[in-house]
Amino acid sequence: MLHVRRFGSGPPLVALHGFTLTGAQFESAATLLSRTIHAPDLPGHGFSAGESADFSTTVSTVASMVSTFGGETPLLGYSMGARIALGVAIDQPESVPALIVISGTPGIDEATQRNKRIVSDAALLETLRRQPVEEFLETWTSTGITDTSHLQDSVRATDRIVRGQNTSSGLADALAGLGQGVQPSLWSQLDRLTMSVLLVHGERDAKYTEVARRMSQSIPDCHVIQIATAGHNPLLDDPEETYGEISAFLDGLG
């Protein structure tokens, strides 16, 4: 069973965090959205480090959690959490009245790219198995699209506290079971998303800007928001603007 963190008050929202984070990523969302946030620690992370980290199992587990709300609670996911949220919404569209995908992808649909990702994930897995988690996180948050070095020191410190709730072994399990290389491609099933969908991406994240554009062509009721000041993590780069757009989307659902 996944450990679920709850923040705030108001209408419920289920939120799924990204790789190396925990449900604590969404603590500030409760105030900015005026909602009760139900944020599970996903397998391999936080207090769910011992849970089975397998994509299909995780989708089923989260889908069961979401179904307890009777089809009345929106589902939000960021990055890895967005991929799982997409799986849940495709598998049980009747349980998800609205879906918010932040810097997420339906997976890798091209064989060569998938093989490259499997190789790169295997190398990252070896790094996780030999490095203390603090050392791994220092590198993870200093390079590539997960770089947080541009943020204010206080924001970066808070983010590192959230990530520091993880262990190397837990993150290794999560990468092995939930990484993009092993996730099935969901591109061909996007038309099953019958709910209203909001895709959020940062202007400085070229890869996921293109992913959002492609996804929007296959989702029947799709809205795309670009956060001008953000990269891969709009929730961290510009939380007020990002959560403001999400709030407007949710309020507009009636």
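A cavity is a set of grid points where a 1.4 Å probe fits but cannot get out. In the predicted model described here, one cavity of 30 Å³ or more is counted, and about 40 Å³ of space lies in the largest cavity. The largest share of its lining, three residues, is contributed by α8. Both β6 (196-202) and α8 supply at least two residues of this lining. The residues that line the largest cavity are Val-101, Ser-103, Gly-104, Leu-199, Val-200, Tyr-208, Ala-212 and Met-215. By class, six of these residues are nonpolar and two are polar, and there are no charged residues in the lining.

Open spaces were examined next. The largest pocket holds about 890 Å³ of space. Its lining is made up of 40 residues, and those that lie nearest the centre of the pocket are Arg-117, Ile-145, Gln-180, Lys-207 and Tyr-208. Tyr-208 thus appears in the lining of the largest pocket and also in that of the largest cavity. Several helices take part in the wall of the largest pocket: α3, α4 (111-130), α5 (133-140), α7 and α8 each supply at least two residues. Among the contributors, α4 provides the largest share, with seven residues. In terms of class, the lining of the largest pocket divides into 15 nonpolar, 15 polar and ten charged residues.

The second largest pocket encloses about 330 Å³ of space. It is lined by 15 residues, of which Ala-24, Gln-25, Ser-28, Thr-158 and Leu-236 are the closest to its centre. At least two lining residues come from each of α6 (153-163), α9 (234-237) and α10 (239-251). The element that gives the most to this lining is α6, with five residues. The lining of the second largest pocket comprises eight nonpolar, five polar and two charged residues.

Helix α3, one of the elements that line the largest pocket, was considered in more detail. This helix has twelve residues and reaches 17 Å from its first C-alpha to its last, which is close to the 16 Å expected at 1.5 Å a residue. Eleven of the twelve residues of α3 are buried, so the helix is largely enclosed by the rest of the structure. The buried residues are Met-80, Gly-81, Ala-82, Arg-83, Ile-84, Ala-85, Leu-86, Gly-87, Val-88, Ala-89 and Ile-90. These residues pack against β2 (12-16), α2 (55-67), β4, β5 (98-102), α7 (168-178) and α8 (206-216). Helix α8 is therefore a packing partner of the buried residues of α3, as well as a contributor to the lining of the largest pocket and of the largest cavity.

Backbone geometry was also examined. Most residues other than glycine have a negative phi. Two serines depart from this pattern. Ser-79 has a positive phi, near 55°, and is placed in the loop between β4 (75-78) and α3 (80-91). Residues under 20% relative accessible area count as buried; Ser-79, with a relative accessible area of 16%, is therefore buried. Ser-34 likewise shows a positive phi, of about 55°, although it is not a glycine. The position of Ser-34 is in the loop between α1 (29-33) and β3 (36-40).

Technical notes:
Residues numbered from 1 in each chain as written. Predicted model: local features only at pLDDT ≥ 70, side-chain atom pairs only at ≥ 80, totals over all residues. Heavy atoms only, no water. Helix = DSSP H or I, 4+ residues; strand = E, 2+ residues; numbered from the N terminus. Buried < 20%, exposed > 50% of the residue type's maximum accessible area, 1.4 Å probe, protein only. Expected span 1.5 Å × (residues − 1). Contact = heavy atoms within 4.5 Å. 1 Å grid on protein atoms, 1.4 Å probe; cavity = no way out; pocket = protein on both sides within 12 Å on 5 of 7 lines; lining within 4 Å. Points joined across faces, edges and corners; volume = space filled by probe spheres on them. Nonpolar A, V, L, I, M, F, W, Y, C, P; charged D, E, K, R; others polar.
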